[in-house]
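Visitor: Could you take me in for a close look at one part of this model, and then show me how the rest sits around it? I'd like the hairpin, please.

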Amino acid sequence: SWNMPEFAPQAIQKVREQVGGDEVILGLSGGVDSAVAAALIHKAIGNQLSCIFVDTGLLRLGEGDQVMETFAKHMGVKVDRVNASEEFYRELKGVEDPEAKRKIIGRLFVEVFQREAKKLPKAKWLAQGTIYPDVIESAGAKTKKAVTIKSHHNVGGLPESLHLKLLEPLRELFKDEVRALGLELGLPREMVFRHPFPGPGLGVRILGEVKAEYAELLRRADAIFIEELRRAKDSDGTSWYDKVAQAFVVFLPVRSVGVMGDGRTYEFVVAMRAVQTTDFMTAHWAELPYELLGRASNRIINEVRGINRVTYDISSKPPATIEWE
Ligand code: XMP
């Protein structure tokens, strides 16, 4: 295992030697790995790095602004923010099947990225935040015939047709080492310790057909749940956000009856999900305090008009999966 204060300068030096005077493109996803890769490469080669950030319309609340704030504003990284949400919603219209949605989102992402990358014709390298477990996983996938429960789309598998050389400075690192490196490079703690977020984003957290209206409700409900998890501290001072491996809200496209003031409501239902796991292959639903669940539920119903019922998912994996789709 690596010692980060030693690893960081060595990795920076290595990127400089590899790249020389060439230009590099990197796809920022909002996730930890691409963020740490961007920070490292920017330290190494500054303005020779250009990042592309695709807003799919399926990101968490404020995620795009946060990426711009951290990278473009504070660190001076060149970031091309592309708003492709209309395109994603258009292609997802009428599509209900989870795997079909994954395929569309994955394909569109590559198309949009490729289009933007063409604006940087001088680039010779494509940088990716591939980490050691990704390397093992894709090697395994080539040799083993495993049953595919869910096809995963990451920023990985990007355009071979771009004819770029691959730059993967995190290839030897495990997740905890990537986080330590992120802190070493000065990235905000909140970004470095963020829960994992699936490649297809909210596209697989809105059950069935994805609509902009649903995404908007889900984003707001999810942000409230996460805020309450961050705020609630356990007896040892650790937040519940840090005590669980992953937490999020799922949008259910069904309506239920409620009452508000002296009126009847007929609005959507959401489910809160929080799990404890180390490997994400098996997971236990998190035994969150009732008080925390109650506060999050009250706030979601009071603050998000359009949602009048909140449930908590108490299924473990297996037989359920972590995501609902
Ligand atoms: P499941 O739902 O399979 O999730 O128990 C296990 C972990 O994988 C994430 N996940 C995905 N990540 N693309 C991704 O990049 C996907 O299509 C995808 N589906 C699930 C999930 O968030 C959890 O961390």
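Guide: Strand 6, residues 246–260, and strand 7, residues 263–276, run antiparallel and are joined by 13 bridges. Keep in mind while you rotate the view that this is a predicted model. To get your bearings on the ladder, pick G258: its bridge partner in strand 7 is T265. From there, go on to the turn. The hairpin has 2 residues between strand 6 and strand 7, and G261 takes a positive phi near 60° there.

Now leave the hairpin at the other end. F280 lies in the loop between strand 7 and strand 8, the latter being residues 284–285. If you like backbone torsions, stop here: F280 has a positive phi of about 65°, although it is not a glycine.

Where does the hairpin belong in the whole chain? The chain is divided into domain 1, 4–192, and domain 2, 205–312, and the hairpin's strands, at 246–260 and 263–276, fall within the bounds of domain 2. The centres of the two domains, taken over C-alpha atoms, are separated by 28 Å. Their contact takes 10 residues from domain 1 and 9 residues from domain 2. On the domain 1 side, the residues that touch domain 2 divide into 5 nonpolar, 2 polar and 3 charged.

Cross over to domain 1 for a contrast in pairing. Here 5 strands form an open sheet in the order 3-2-1-4-5, and the pairing is parallel. Strand 3 (78–83) and strand 5 (165–167) stand at the edges with a single partner strand each, so one side of each has no neighbour in the sheet. On average, neighbouring strands of this sheet are turned by 30° against each other, direction ignored. Further in, strand 1 (residues 23–28) runs parallel to strand 4 (residues 123–127), and 4 bridges join them. One position to click on is I25, which stands opposite L126 in strand 4.

Helices pack against this sheet too. Helix 5, residues 98–117, touches strand 1, strand 2, strand 3 and strand 4, and its direction makes about 145° with that of strand 2. Helix 2, residues 32–45, lies across strand 1, strand 2 (49–55) and strand 4, running at about 160° to strand 1.

Next, the ligand. It is surrounded by 16 residues, and the closest are P198, G199, T321, I322 and E323. By class, the shell around the ligand divides into 6 nonpolar, 6 polar and 4 charged residues.

The stretch after strand 9 (307–312) deserves a check of its omegas, as P318 is found in that segment. The peptide bond from K317 to P318 is cis, with omega near -15°. P319 is also found in the segment after strand 9, and the bond joining P318 and P319 is a cis peptide bond as well, with omega about 10°.

Finally, zoom all the way out. The chain has 11 helices and 9 strands. Its radius of gyration is 20 Å, close to the 20 Å that the globule rule gives for 325 residues, so the chain is as compact as a globular protein of that length. Along its principal axes, the C-alpha trace spans about 70 × 45 × 45 Å.

Terms used
Residues are numbered from 1 along each chain as its sequence is written. This is a predicted model: local features need pLDDT of at least 70, side-chain atom pairs count only at pLDDT 80 or more; totals for chains, interfaces and linings use all residues. Two strands pair if DSSP finds at least two bridges between them. Axes are lines fitted to C-alpha atoms, for helices over the stretch in contact, and angles run from 0 to 180 degrees between N-to-C directions. Two residues are in contact if their C-beta atoms, placed from the backbone, lie within 7 Å. A residue is near a molecule or strand if its C-beta atom, placed from the backbone, lies within 6 Å of it. Ala, Val, Leu, Ile, Met, Phe, Trp, Tyr, Cys and Pro count as nonpolar, Asp, Glu, Lys and Arg as charged, and the others, Gly among them, as polar. Domain bounds come from an automatic or database domain assignment. The radius of gyration is taken over C-alpha atoms; the globule rule is 2.2 Å times the number of residues to the power 0.38.
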